[in-house]
Amino acid sequence: MNIFRVVFAAVFMFSIMSNTFASDNMDAVLKDVLERAKAYNDTMVYEAPKPFKINDPGTEKWVDYEKYGEFQNLGTKDYKYVVKDSDGLRAASGEGIFPNSQSVLNNPAFKKVSKKRNFKKSQWDFVNSEDYQANFFKWSTVREDPGVKLYFTALALDRAENYEHAVKAYYAALVFFPKAIGWTQWKTPWYIGPVCISRIKYLTERYPEIGVKLIGAKIQIDNGFDNDVRNDIFTINPGMLVPATAADFEQKHIDLSKVGVKKIQGEGKVKLVQYNNNHFVLLVDGKPFTVKGVTYSPNKVGLSPVKGTLNNNRDWTWDDYNKNGIIDGPFEAWVDTNRNNIREEYEKPVGDFNLLQAMGANTLRLFHHGGLNKALLKEGYEKHGFMYIMTDFLGMYAVGSGATWDEGTDYENPLHKKNMLESVRQMVEEYKDEPYILMWTLGNENNYGGAANADKKPEAFYAFANEAAKLIKVLDPQKRPVAINNGDTLFLDICAKKAPDIDIFGFNSYRGEQGFGNIWQDVAHVYGKPALVLEYGCSAYAKGWSTARIEQGQASYHKGNWTDISNNLAGVEGGIGNALGGVIFEWSDEWWKAEGNSDPSVHDTHPQMQGPFLDGNAYEEWFGIVSIGDGKDSTFKRQLRKAYFTYKDLWNK
């Protein structure tokens with residue numbers, strides 16, 4: 001640390017102490033602004049259109065498939081369902097549901113809707129359209145892979161809030177087409193069977209009035225962690241829908257003290273415990289610690305790392321635009337409670353760190369590159385209880401490898417490897433004695449490629465990541481856990497083979513509001529490690545949607561994701577037990593992130609990619625659970641979206 005930073009840190013700590021002593025009423029101020037912001041949010045209500053009428057719901061509310069056929073070889077790669085009474089099954093299933101798909105042609109509404117909508121258009125124009133009945137009719141009758149067809153038929157019903165018929169359709173897809181594969185915009189495989197399982201579980205838990213629960217369903221796809229579907233091996237059991245009430249969805253817990261401990265790792269305040277049932281728990285100071293994390297990197301509108309005007313890994317830890325010796329965002333942010341972009345007299349500074357603590361956050365995800373303000377991190381730890389996940393990019397975006405962007409990091413290049421290990425060494429040496437480090441993390445979706453060739457040389461990358469993990473364990477006297485930061489589960493099997501010294505499989509994943517599907521199961525089956533979501537979230541923008549609808553949708557997405565994490569924590573019956581928590585992406589919107597955006601002072605509304613988001617698109621500049629409004633006074637002003645209050649409820653239970 002240079003002399004400027006030493007002096008600055010001393011002034012900073014004095015200012016914080018003075019500010020703390022002058023703010024004995026902070027709790028009252030914080031309570032007031034949160035109540036005002038919540039009251040304003042509660043005025044924003046979106047009323048969804050009523051579900052369209054199902055003309056033929058079928059003779060059975062829930063199809064008893066054993067009456068109409070035979071399940072063969074359950075739980076094996078030779079699973080199949082053989083129909084023996086086609087007519088009875090068609091009648092029981094109802095309209096639009098295989099094998100009764102074409103029955104919608106008999107629906108009196110079909111001709112009316114088909115005249116209004118041009119059904120000659122591609123079926124893909126009927127996925128994110130808001131005419132859900134037209135979507136249902138189109139997908140029920142289109143020529144398409146039958147599993148893909150049935151999934152999007154179910155999705156149309158789901159979005160129209162025809163939840164019972166949607167569950168019926170999702171389950172039919174499980175019974176008949178559990179091996180169905182769709183394709184993403186990147187031409188990578190997308191497995192429909194596991195999505196149907198997670199969607200059914202999500203809907204039936206969220207709306208217990210549906211009255212059923214899916215039990216025993218499991219699809220394991222060996223060799224499914226590359227983009228070659230020819231080597232996939234499916235082990236299938238579609239499970240059963242059984243009657244259920246709200247009580248059947250309440251979490252039940254295992255007494256882990258009676259299970260017994262298999263392994264404890266760690267020699268300081270942070271320990272990773274594995275129980276005899278292969279559930280995993282982080283302990284901090286001897287107490288169970290679920291990661292309730294946030295990616296926190298607020299920055300001033302108009303600056304951009306692409307243009308070289310922003311180092312978003314560190315700048316926020318030093319920003320003091322009003323030159324009063326106090327860091328801006330963490331300690332002086334104020335809440336625009338009525339979102340009028342005007343600071344009212346009662347909207348006093350409360351600081352992001354207070355807002356995060358009130359929300360229930362206990363962890364921030366950071367990158368060490370560039371030099372963080374350690375006095376600030378210490379303040380966050382001592383006053384607000386934050387632990388930090390400290391990350392080295394491990395050559396992603398060519399950071400730390402010495403490679404140029406055009407050249408890219410090569411995980412077989414000795415010089416690049418030497419440089420990256422030195423970067424890792426610097427990180428650990430800088431922070432190993434700090435009590436606030438929760439774990440070390442390596443990379444950030446390196447397996448997707450990004451001025452790095454891990455996507456082309458995955459075996460070299462994961463072998464090198466293992467080398468870095470071993471170095472950390474030599475350097476860190478406390479033996480805190482080391483995580484990889486993967487992009488979803490691509491190359492999970494190679495990671496398991498080449499990186500045995502990684503302790504935690506960390507991953508970034510955006511699979512939809514229902515959660516993370518097979519990930520917990522896959523990590524346990526292939527790697528045998530605990531799992532931590534290091535990025536998840538949903539953009540707070542959708543084309544043509546009202547603010548109320550958007551924020552309700554974003555909050556719903558986050559609640560569904562956290563519920564899935566919670567259901568797979570250690571000690572929860574019915575879960576995998578290897579989830580350690582999750583890290584929200586992200587705290588506040590970053591206006592520079594849209595690819596090709598030449599003006600970081602503009603809040604870009606062009607979609608960057610397709611995916612399971614509100615309108616089917618992701619908007620990179622809108623992922624914050626906190627908005628900065630019109631962008632003026634951006635280092636200080638905060639508008640708390642509904643998702644903020646969703647977490648305040650979830651994380652403070």
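Is strand β20 (residues 531-536) largely enclosed by the rest of the structure or exposed? In this predicted model, 6 of the 6 residues of β20 are buried, so the strand is largely enclosed by the rest of the structure. Confidence over the chain as a whole is expressed by a mean pLDDT of 94, with 96% of the residues reaching 70 or more. The N-terminal stretch departs from this picture, since pLDDT stays under 50 over residues 1-22, a segment for which the model has 27 contacts beyond four places in sequence. Where pLDDT is low, the predicted coordinates should not be read in detail.

The strands considered here belong to a closed barrel of 8 strands, which runs in the order β13-β15-β16-β17-β18-β19-β20-β21 and is paired in the parallel sense. From one strand to the next, the twist averages 30 degrees. Helix α14 (residues 458-475) packs on the sheet, where it touches β17 (437-442) and β18 (482-487), and the direction of α14 makes about 155 degrees with that of β18.

Within this barrel, β20 has a partner on either side of it in the strand order, namely β19 and β21. Strand β19 (residues 504-508) runs parallel to β20 and is joined to it by 4 bridges, with Gly 506 standing opposite Leu 532 of β20. The chain passes from β19 to β20 through helix α16 (residues 519-526), and the resulting β-α-β crossover is right-handed. The pairing of β20 with strand β21 (residues 579-584) is likewise parallel and extends over 3 bridges. Val 533 of β20 stands opposite Gly 582 in β21, while Tyr 536 stands opposite Ile 584 of that strand. Helix α17 (residues 547-567) lies in the connection, and together with β20 and β21 this helix makes a right-handed β-α-β unit.

Strand β15 (residues 363-367), another member of the barrel, is also mostly covered, as 5 of its 5 residues are buried. The covering applies to both faces of β15, with Thr 363, Arg 365 and Phe 367 buried on one side and Leu 364 and Leu 366 buried on the other. With strand β13 (residues 291-295), β15 forms a parallel pair over 3 bridges, in which Arg 365 of β15 is the bridge partner of Thr 295. On the side of strand β16 (residues 387-392), 5 bridges join the two parallel strands, and Phe 367 stands opposite Thr 391 in β16. A right-handed β-α-β unit is made here by β15, helix α12 (residues 374-384) and β16.

The cysteines were examined separately. A disulfide is a covalent bond between the sulfur atoms of two cysteines, and the structure holds 0 disulfides. Cys 196 is buried, because its relative accessible area is 0%, and Cys 538 is likewise buried, with a relative accessible area of 0%.

Conventions. Residues are numbered from 1 along each chain as its sequence is written. This is a predicted model: local features need pLDDT of at least 70, side-chain atom pairs count only at pLDDT 80 or more; totals for chains, interfaces and linings use all residues. Side-chain values use heavy atoms; hydrogens and water are left out. Buried means under 20% relative accessible area, exposed over 50%, partly exposed in between (1.4 Å probe, protein chains only). Two strands pair if DSSP finds at least two bridges between them. A crossover is right-handed if, with the strands pointing away from the viewer, the path from the first strand over the helix to the second runs clockwise. pLDDT is the predictor's confidence in each residue, from 0 to 100. Contact means heavy atoms within 4.5 Å. A disulfide is a pair of cysteine sulfur atoms within 2.5 Å. Axes are lines fitted to C-alpha atoms, for helices over the stretch in contact, and angles run from 0 to 180 degrees between N-to-C directions.
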